[in-house]
Structure formats: C-alpha cells, structure tokens
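Biologist: Walk me through this one, please. I'd like to hear what each label rests on.

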Amino acid sequence: MGERVLIALGGNAMTGPDGGASPGDQRRAVEQAVRHVAALVADGHRVTLTHGNGPQVGNLILKNQLAAHVVPPVPLDWCGAQTQATIGTLVLNALDGRAAVVVTRTLVDPADPAFQDPVKPIGRYFSEAEARRFEELGQTWRRFDRGWRRVVASPEPLEILDAPAIAALVAAGFTVVAAGGGGVPVARDAGGRLGGVEAVIDKDLAAAVLARDVRATVLVIATDVPGAVVGFGTAQARPLGAVTAAELRVLHAAGHFAGGSMGPKVEAALRFVEQGGDRSVITSLENIGAALTGESGTVVRK
C-alpha cells in the first residue's frame, strides 16, 4: 500500500521555462509537471496536489486594473478561486484519470497583525498617479525601486475548511487538486459568518496545514532546486540531506534560508513534522519519486 502524499508544486511548475504564462505555456508546463505526479499515483501512492498561482493571479489583477474605469475590480479572493479552478482543470486534463478539484478555502484570523501592515506585493508596477487612483478603490499601494505596486496582507493559515471533502475524495481513490495558491482566504465576522478577505496566503505554509488536516504521511515541497542549502551563496555552501526537525530549526533560526525563497519551504517542512507528520521533503520536481525513498532532497524527520 502506498503512502498518503501531499505535493506542493512551486509556481515555476505552472509557467514556461522563461516564466511565460500564456495559456499554451501553462498547459505545457502543467503536463510536464503532472507526469511526475502520475508516476507516484501509478506506484500506488494516494496523492493530494496543491500549487502556486502567482502568475495567474497577477494576470487577473492586471486585467482588473486595466479595466477599472469600465467595470469594478473583483476582490482578490475571487481571483484566487478562479485560478484554482483554471489550474485544476489543466491538471485534471493532464492526469486524465480518477481525479478531482476542490475549490478550497483557508481560514485566517481577521485580527492577524498582517492586516495592519500589508507587505506582500502583487501585480505589476504602475506610476504614482495610477497607484493613487487604485487607492481610491480601497487598495494599499507602496513605492518600490521600479515604481508603485499593490501590497496585501499575508496572514497565517489556521485551517483548511474543506479538508473533510478532500480527505473523503482521497479515501475514495481520487487524486485531488486542492488549496491552490494557499487557498481562498476567508475569515469569520463577529457573528460567525464566513467571508473572503483581501490577502495572499503563503502556498507552502498552507500546504503544511492541508497535509496535517488530511492526515498525509509525507509532505513533498517541489521546487526548482534539488534541496535546501546551508550557507547558500558562500564558499561554505553545502546541500542539506537527511536532517532532524530540531537540527533544521536551529539552522533556520540562524538565517540560512532566505525569507523570500527557501525560508517558507523550510518553515512548512518543519511545521508538518513538528505537528506529527512522518517526514517532509524539499526537492526538485523530477526527483520527487526518489525523495519518497530518501534517495534525494532534504528529508526532515522528527
């Protein structure tokens, strides 16, 4: 009997080699990525798949911005839901088997400090005049070296609300695509009612929560490098293979993993194992099969 595996695909797996995000680029990239996933399914593993959606949401945001004088921009949580369905459909077509997509909501705390200081940039750069126009629509914009860019909160993911449906589909033999882009961020108001919020949830941190909630045994974080590296960019750089969660926590605290790239992946791997998961693996997409047997990547155990 295979394992219950949750695979988090990086955003690079959803676009062309040059970062192109045309429909053709995305379809070809997804087909290539899914071949590795299909191999695990063929080996008897029960797979749940999640993915990034940065380029896709960026495209929708740009359309909103360009057409803001014609139609009101849709909220960010709507953009997340739309891209979950679009990418999910591409994955289903590529798998062409017993598979399903669940448009997935991720619960966040409306009192999360991230909402008081939005820092996550999304979309493209604009002039100050254009940024001011969007601010009149209630958005937050900040100046960067290349111009003005919209920023939103990136709160902590607390719970994958649709995990029971995902787990039921996995138990029924489906390969499930879920929580794309970290999930559609939702929060409860004072009356307990759910509603979408303007935020972006880190995909890897949400993957750790999803893996926990669907009781996966292994969390595989697929990226574009073979594994994590200690001392990256220095003469002392070395690849990190098998490591305990305690050892990795010390390295992480020492600043070995950049916040905008490997840091969230390491944090997600740690959280899953520290919360009871069997092991986490950080590796490249083409090595995920070998990673499950401990032959590749950074393998984290308690």
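Biologist: Which four strands form an open sheet, and in what order?

Modeller: The order is β8-β4-β10-β11, with mixed pairing. Before going on: this is a predicted model, where local features need pLDDT of at least 70 and side-chain atom pairs count only at pLDDT 80 or more, while totals for chains, interfaces and linings use all residues. Residues are numbered from 1 along each chain as its sequence is written, and side-chain values use heavy atoms, leaving out hydrogens and water.

Biologist: What makes a strand or a helix here, and what makes two strands a pair?

Modeller: Both elements are DSSP runs numbered from the N terminus: helices are H or I with at least four residues, strands are E with at least two. Two strands pair if DSSP finds at least two bridges between them. β10 (residues 184-188) and β11 have three bridges, in the antiparallel sense, so they pass. One of those bridge partnerships is Val 186 with Gly 196 in β11.

Biologist: Which strands are the edges of that sheet?

Modeller: β8 (159-160) and β11 (194-196), since each pairs on one side only.

Biologist: And the eight-strand sheet, in what order does it run?

Modeller: β3-β9-β2-β1-β12-β16-β17-β15, an open sheet, also with mixed pairing. β3 (99-102) and β15 (242-244) each have a single partner strand, so one side of each lacks a neighbour in the sheet. Ignoring direction, neighbouring strands are turned by 20° against each other on average.

Biologist: How do you know that β1 and β12 are partners?

Modeller: By the bridge count: β1 (residues 4-9) and β12 (residues 218-223) share five and run parallel. Val 5 sits opposite Val 218, and Ile 7 opposite Val 220. On to β16: β12 joins it through six bridges, again in parallel, with Val 218 opposite Arg 279.

Biologist: What makes β12 "mostly covered"?

Modeller: Six of its six residues are buried, meaning under 20% relative accessible area (exposed is over 50%, partly exposed in between; 1.4 Å probe, protein chains only). Val 218, Val 220 and Ala 222 point one way, Leu 219, Ile 221 and Thr 223 the other.

Biologist: Why is Thr 283 called buried?

Modeller: Its relative accessibility is 0%, so it falls under the cut-off for buried. Thr 283 belongs to β16 (residues 279-284). Beyond its neighbours within four places in sequence, its contacts (heavy atoms within 4.5 Å) include Ile 221, Ala 222 and Thr 223, along with Ile 288 and Gly 297.

Biologist: Why are α7 and α8 called roughly antiparallel?

Modeller: α7 (residues 245-253) and α8 (residues 262-274) pack at about 150°, axes 10 Å apart. Over 145 degrees counts as roughly antiparallel, under 35 as roughly parallel, 65 to 115 as roughly perpendicular and the rest as oblique, so the label follows. The axes are lines fitted to C-alpha atoms, for helices over the stretch in contact, and angles between N-to-C directions run from 0 to 180 degrees.

Biologist: Which residues of α7 and α8 meet?

Modeller: Ala 245, Leu 248, Arg 249 and His 252 from α7 meet α8 residues including Val 266, Glu 267 and Leu 270.

Biologist: Which strands do α8 and α3 touch?

Modeller: α8 lies across β12, β16 and β17 (298-301), at about 155° to β16. α3 (residues 76-95) touches β2 (46-51), β3 and β9 (175-178), making about 175° with β3. α3 also lies across β10 and β11, at about 135° to β10.
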